[in-house]
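Reader: Please explain how the surroundings of a ligand and the nonpolar cores of a protein should be read.

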Amino acid sequence: MRKKIVAGNWKMNLTRDEAQALTKSLAQRLKEKATLNQRVLICPPSIHLSDAIASAGPDGPLEVGAQNMHQADSGAYTGELSGAMLLSHGIRTVLVGHSERRAYFHEDNHLLKQKVDAALGQGIEVVYCFGELLEERQGATHFEVVATQLKQALFHLTADQWSSIVLAYEPVWAIGTGVTASPEQAQEMHAFIRQTVAAHYGDACAQNVSILYGGSVKPNNAAEIFGKPDVDGGLIGGAALKADDFMAIVNAAG
Ligand code: PEP
(Lines give C-alpha, C1' and ligand atoms only; values in the text may rest on other atoms or scores of the structure.)
Protein backbone atom coordinates (compact mmCIF):
# COMPACT_ATOMS: atom_id res chain seq x y z
CA MET A 1 0.00 0.00 0.00
CA ARG A 2 1.37 3.39 -0.93
CA LYS A 3 2.44 5.84 1.75
CA LYS A 4 1.82 9.51 2.31
CA ILE A 5 5.12 11.37 2.09
CA VAL A 6 5.97 14.98 2.90
CA ALA A 7 9.38 15.97 1.56
CA GLY A 8 11.17 19.29 2.02
CA ASN A 9 13.51 20.56 -0.68
CA TRP A 10 15.76 23.16 0.94
CA LYS A 11 17.43 24.05 -2.38
CA MET A 12 20.48 26.34 -1.91
CA ASN A 13 19.36 27.78 1.42
CA LEU A 14 20.57 27.82 5.05
CA THR A 15 24.02 28.01 6.59
CA ARG A 16 25.38 25.11 8.61
CA ASP A 17 24.04 26.42 11.94
CA GLU A 18 20.64 27.22 10.46
CA ALA A 19 20.43 23.80 8.83
CA GLN A 20 21.39 22.07 12.07
CA ALA A 21 18.82 24.00 14.07
CA LEU A 22 16.04 23.19 11.59
CA THR A 23 16.95 19.50 11.38
CA LYS A 24 17.09 19.13 15.16
CA SER A 25 13.80 20.93 15.63
CA LEU A 26 12.04 18.73 13.06
CA ALA A 27 13.56 15.51 14.42
CA GLN A 28 12.43 16.41 17.94
CA ARG A 29 8.91 17.39 16.92
CA LEU A 30 8.46 14.23 14.87
CA LYS A 31 9.60 12.07 17.79
CA GLU A 32 6.99 13.75 19.97
CA LYS A 33 4.17 12.95 17.56
CA ALA A 34 2.15 10.05 18.92
CA THR A 35 1.62 8.36 15.57
CA LEU A 36 3.23 8.96 12.25
CA ASN A 37 1.32 7.41 9.39
CA GLN A 38 3.56 8.90 6.79
CA ARG A 39 7.16 9.38 5.74
CA VAL A 40 8.84 12.74 6.34
CA LEU A 41 11.96 13.60 4.36
CA ILE A 42 14.25 16.61 4.19
CA CYS A 43 16.63 17.29 1.31
CA PRO A 44 19.27 19.76 2.54
CA PRO A 45 22.13 21.09 0.39
CA SER A 46 24.70 18.33 -0.06
CA ILE A 47 27.30 19.98 2.18
CA HIS A 48 24.86 19.65 5.10
CA LEU A 49 23.86 16.03 4.49
CA SER A 50 26.26 14.43 6.99
CA ASP A 51 25.22 16.85 9.73
CA ALA A 52 21.58 16.18 8.94
CA ILE A 53 21.99 12.40 9.08
CA ALA A 54 23.83 12.73 12.40
CA SER A 55 21.08 14.93 13.87
CA ALA A 56 18.15 12.96 12.49
CA GLY A 57 19.59 9.55 13.43
CA PRO A 58 19.73 6.59 11.05
CA ASP A 59 16.31 5.09 11.80
CA GLY A 60 14.41 8.03 13.24
CA PRO A 61 11.15 9.41 11.88
CA LEU A 62 12.99 12.13 9.95
CA GLU A 63 14.56 10.86 6.72
CA VAL A 64 17.31 12.69 4.87
CA GLY A 65 17.67 12.74 1.09
CA ALA A 66 19.86 14.48 -1.47
CA GLN A 67 18.73 17.05 -4.04
CA ASN A 68 20.78 15.66 -6.90
CA MET A 69 23.44 13.15 -7.90
CA HIS A 70 25.59 12.47 -10.97
CA GLN A 71 24.86 9.59 -13.30
CA ALA A 72 28.44 8.25 -13.32
CA ASP A 73 29.81 6.01 -10.57
CA SER A 74 32.99 8.08 -10.21
CA GLY A 75 35.40 10.08 -12.35
CA ALA A 76 36.50 13.51 -13.52
CA TYR A 77 33.27 15.44 -12.89
CA THR A 78 34.37 18.42 -10.83
CA GLY A 79 31.83 19.54 -8.29
CA GLU A 80 29.58 16.49 -8.64
CA LEU A 81 28.49 13.73 -6.24
CA SER A 82 27.93 10.06 -7.01
CA GLY A 83 25.33 7.69 -5.68
CA ALA A 84 28.03 5.65 -3.95
CA MET A 85 29.15 8.77 -2.09
CA LEU A 86 25.60 9.51 -0.96
CA LEU A 87 25.12 5.94 0.19
CA SER A 88 28.40 6.03 2.12
CA HIS A 89 26.90 8.88 4.18
CA GLY A 90 23.68 6.97 4.80
CA ILE A 91 21.60 8.80 2.16
CA ARG A 92 19.04 6.43 0.65
CA THR A 93 16.80 8.83 -1.32
CA VAL A 94 17.56 11.39 -4.03
CA LEU A 95 15.51 13.95 -5.95
CA VAL A 96 15.95 13.55 -9.71
CA GLY A 97 14.62 15.92 -12.35
CA HIS A 98 13.65 18.95 -10.30
CA SER A 99 12.50 21.72 -12.64
CA GLU A 100 15.41 23.93 -11.53
CA ARG A 101 17.86 21.20 -12.58
CA ARG A 102 16.00 20.88 -15.89
CA ALA A 103 15.94 24.66 -16.49
CA TYR A 104 19.32 25.85 -15.17
CA PHE A 105 21.46 22.74 -15.66
CA HIS A 106 19.84 21.56 -18.90
CA GLU A 107 18.89 18.13 -17.56
CA ASP A 108 16.55 16.44 -20.04
CA ASN A 109 14.56 13.23 -19.79
CA HIS A 110 17.33 11.17 -21.42
CA LEU A 111 19.95 12.34 -18.90
CA LEU A 112 17.45 11.87 -16.07
CA LYS A 113 16.92 8.27 -17.20
CA GLN A 114 20.66 7.71 -16.64
CA LYS A 115 20.46 9.31 -13.21
CA VAL A 116 17.49 7.12 -12.30
CA ASP A 117 19.43 4.02 -13.37
CA ALA A 118 22.53 5.12 -11.44
CA ALA A 119 20.52 5.75 -8.26
CA LEU A 120 18.55 2.49 -8.44
CA GLY A 121 21.77 0.63 -9.25
CA GLN A 122 23.10 1.78 -5.87
CA GLY A 123 19.84 0.90 -4.12
CA ILE A 124 18.92 4.57 -3.71
CA GLU A 125 15.25 5.50 -3.93
CA VAL A 126 14.35 8.15 -6.54
CA VAL A 127 11.86 10.96 -6.11
CA TYR A 128 11.31 11.76 -9.79
CA CYS A 129 10.17 15.36 -10.29
CA PHE A 130 8.35 16.47 -13.42
CA GLY A 131 5.64 18.84 -14.58
CA GLU A 132 4.66 21.19 -17.35
CA LEU A 133 5.59 24.83 -18.02
CA LEU A 134 2.93 27.54 -17.98
CA GLU A 135 2.89 27.83 -21.77
CA GLU A 136 2.42 24.07 -22.07
CA ARG A 137 -0.65 24.20 -19.83
CA GLN A 138 -1.97 27.22 -21.66
CA GLY A 139 -1.38 25.41 -24.96
CA ALA A 140 -3.21 22.34 -23.59
CA THR A 141 -0.19 20.07 -24.13
CA HIS A 142 0.35 19.46 -20.39
CA PHE A 143 -0.90 15.86 -20.38
CA GLU A 144 1.31 14.99 -23.34
CA VAL A 145 4.36 16.70 -21.76
CA VAL A 146 3.88 14.89 -18.45
CA ALA A 147 3.37 11.51 -20.16
CA THR A 148 6.60 12.03 -22.13
CA GLN A 149 8.54 13.00 -18.99
CA LEU A 150 7.38 9.76 -17.38
CA LYS A 151 7.94 7.49 -20.36
CA GLN A 152 11.37 8.75 -21.40
CA ALA A 153 12.92 8.63 -17.93
CA LEU A 154 11.09 5.76 -16.21
CA PHE A 155 9.26 3.38 -18.52
CA HIS A 156 12.33 1.25 -19.22
CA LEU A 157 12.28 0.13 -15.56
CA THR A 158 10.92 -3.22 -14.45
CA ALA A 159 7.74 -3.29 -12.36
CA ASP A 160 9.86 -4.42 -9.39
CA GLN A 161 12.06 -1.34 -9.68
CA TRP A 162 9.00 0.86 -9.25
CA SER A 163 9.00 0.02 -5.54
CA SER A 164 11.98 2.43 -5.34
CA ILE A 165 10.26 5.23 -7.28
CA VAL A 166 8.24 8.11 -5.84
CA LEU A 167 6.69 10.56 -8.30
CA ALA A 168 6.54 14.31 -7.62
CA TYR A 169 4.27 16.20 -10.00
CA GLU A 170 5.31 19.83 -9.88
CA PRO A 171 3.74 22.19 -12.42
CA VAL A 172 6.56 24.65 -13.07
CA TRP A 173 4.18 27.61 -13.02
CA ALA A 174 3.37 26.81 -9.37
CA ILE A 175 6.92 26.41 -8.03
CA GLY A 176 8.03 29.32 -5.87
CA THR A 177 5.37 31.57 -7.41
CA GLY A 178 2.73 31.52 -4.70
CA VAL A 179 0.30 30.21 -7.37
CA THR A 180 -0.87 26.72 -6.45
CA ALA A 181 -2.64 24.27 -8.72
CA SER A 182 -6.19 23.98 -7.48
CA PRO A 183 -6.93 20.71 -5.65
CA GLU A 184 -9.03 19.74 -8.69
CA GLN A 185 -6.18 20.47 -11.14
CA ALA A 186 -3.80 18.45 -8.95
CA GLN A 187 -6.23 15.53 -8.69
CA GLU A 188 -6.91 15.57 -12.44
CA MET A 189 -3.20 15.35 -13.27
CA HIS A 190 -2.39 12.82 -10.52
CA ALA A 191 -5.19 10.54 -11.76
CA PHE A 192 -3.82 10.87 -15.30
CA ILE A 193 -0.30 10.01 -14.06
CA ARG A 194 -1.59 6.94 -12.21
CA GLN A 195 -3.55 5.82 -15.29
CA THR A 196 -0.45 6.29 -17.46
CA VAL A 197 1.59 4.11 -15.09
CA ALA A 198 -1.26 1.56 -14.93
CA ALA A 199 -1.49 1.35 -18.74
CA HIS A 200 2.18 0.35 -18.91
CA TYR A 201 2.74 -1.58 -15.67
CA GLY A 202 -0.72 -2.67 -14.53
CA ASP A 203 -2.97 -1.49 -11.75
CA ALA A 204 -1.07 -2.97 -8.80
CA CYS A 205 2.09 -1.06 -9.65
CA ALA A 206 0.16 2.18 -10.25
CA GLN A 207 -1.75 1.87 -6.98
CA ASN A 208 1.47 1.33 -5.04
CA VAL A 209 3.37 4.38 -6.27
CA SER A 210 3.16 7.53 -4.14
CA ILE A 211 2.49 10.64 -6.24
CA LEU A 212 3.40 13.87 -4.45
CA TYR A 213 2.23 17.33 -5.47
CA GLY A 214 4.69 20.25 -5.42
CA GLY A 215 4.18 23.92 -6.09
CA SER A 216 3.55 26.58 -3.44
CA VAL A 217 2.13 24.18 -0.85
CA LYS A 218 1.67 26.13 2.39
CA PRO A 219 0.09 25.41 5.78
CA ASN A 220 -3.15 27.07 4.62
CA ASN A 221 -3.66 25.01 1.45
CA ALA A 222 -1.98 21.67 2.23
CA ALA A 223 -4.96 19.85 3.76
CA GLU A 224 -7.24 20.54 0.80
CA ILE A 225 -4.65 19.41 -1.77
CA PHE A 226 -3.61 16.34 0.27
CA GLY A 227 -7.28 15.44 0.70
CA LYS A 228 -7.57 14.45 -2.96
CA PRO A 229 -7.53 10.67 -3.52
CA ASP A 230 -4.55 10.52 -5.88
CA VAL A 231 -2.42 13.08 -4.02
CA ASP A 232 -0.14 11.18 -1.65
CA GLY A 233 1.61 14.11 0.01
CA GLY A 234 3.83 16.92 -1.16
CA LEU A 235 7.24 18.15 -2.17
CA ILE A 236 7.68 21.44 -0.36
CA GLY A 237 10.13 24.23 -1.19
CA GLY A 238 9.83 27.60 0.58
CA ALA A 239 7.60 26.36 3.40
CA ALA A 240 10.12 23.60 4.25
CA LEU A 241 12.57 26.19 5.57
CA LYS A 242 10.56 26.99 8.70
CA ALA A 243 9.92 24.26 11.26
CA ASP A 244 6.44 25.56 12.17
CA ASP A 245 5.29 25.74 8.55
CA PHE A 246 6.78 22.39 7.58
CA MET A 247 5.28 20.64 10.62
CA ALA A 248 1.87 22.20 9.87
CA ILE A 249 2.11 20.70 6.37
CA VAL A 250 3.25 17.33 7.80
CA ASN A 251 0.23 17.41 10.13
CA ALA A 252 -2.08 18.26 7.22
CA ALA A 253 -0.97 15.05 5.50
CA GLY A 254 -2.40 13.02 8.39
C1 PEP B 1 9.92 22.89 -5.11
O2 PEP B 1 10.93 23.54 -5.31
O3 PEP B 1 9.94 21.68 -5.33
C4 PEP B 1 8.73 23.58 -4.64
C5 PEP B 1 7.60 22.94 -4.67
O6 PEP B 1 8.88 24.87 -4.20
P7 PEP B 1 7.76 25.80 -3.51
O8 PEP B 1 7.04 24.96 -2.49
O9 PEP B 1 8.50 26.93 -2.91
O10 PEP B 1 6.83 26.21 -4.62
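Author: A residue counts as near a molecule if one of its heavy atoms lies within 4 Å of it. Of the 14 residues around the ligand here, K11, E170, G176, S216 and G237 come nearest. This is a predicted model, in which local features need pLDDT of at least 70 and side-chain atom pairs count only at pLDDT 80 or more, while totals for chains, interfaces and linings use all residues. Residues are numbered from 1 along each chain as its sequence is written, and side-chain values use heavy atoms, with hydrogens and water left out.

Reader: Which polar contacts involve an oxygen atom of the ligand?

Author: A polar contact to a ligand is a pair of N or O atoms within 3.5 Å. A side-chain N or O atom of E170 is 2.6 Å from a ligand oxygen. Backbone N or O atoms serve in S216, at 2.8 Å, and in G238, at 2.9 Å. The ligand taken alone exposes 290 Å², of which the protein buries 97%; such areas come from the Shrake-Rupley method with a 1.4 Å probe.

Reader: How many residues does the largest nonpolar core have?

Author: A nonpolar core is a set of buried Ala, Val, Leu, Ile, Met, Phe, Trp, Tyr and Cys residues joined through side-chain atoms within 4.5 Å, where buried means under 20% relative accessible area (1.4 Å probe, protein chains only). The largest has 66 residues, and Y128, L154, W162 and L167 have the most contacts inside it. Apart from that core lies another of eleven residues, including L41 and C129.

Methods:
Buried < 20%, exposed > 50% of the residue type's maximum accessible area, 1.4 Å probe, protein only. Polar contact = N/O pair within 3.5 Å; in protein donor to acceptor, adjacent residues only side chain to side chain.
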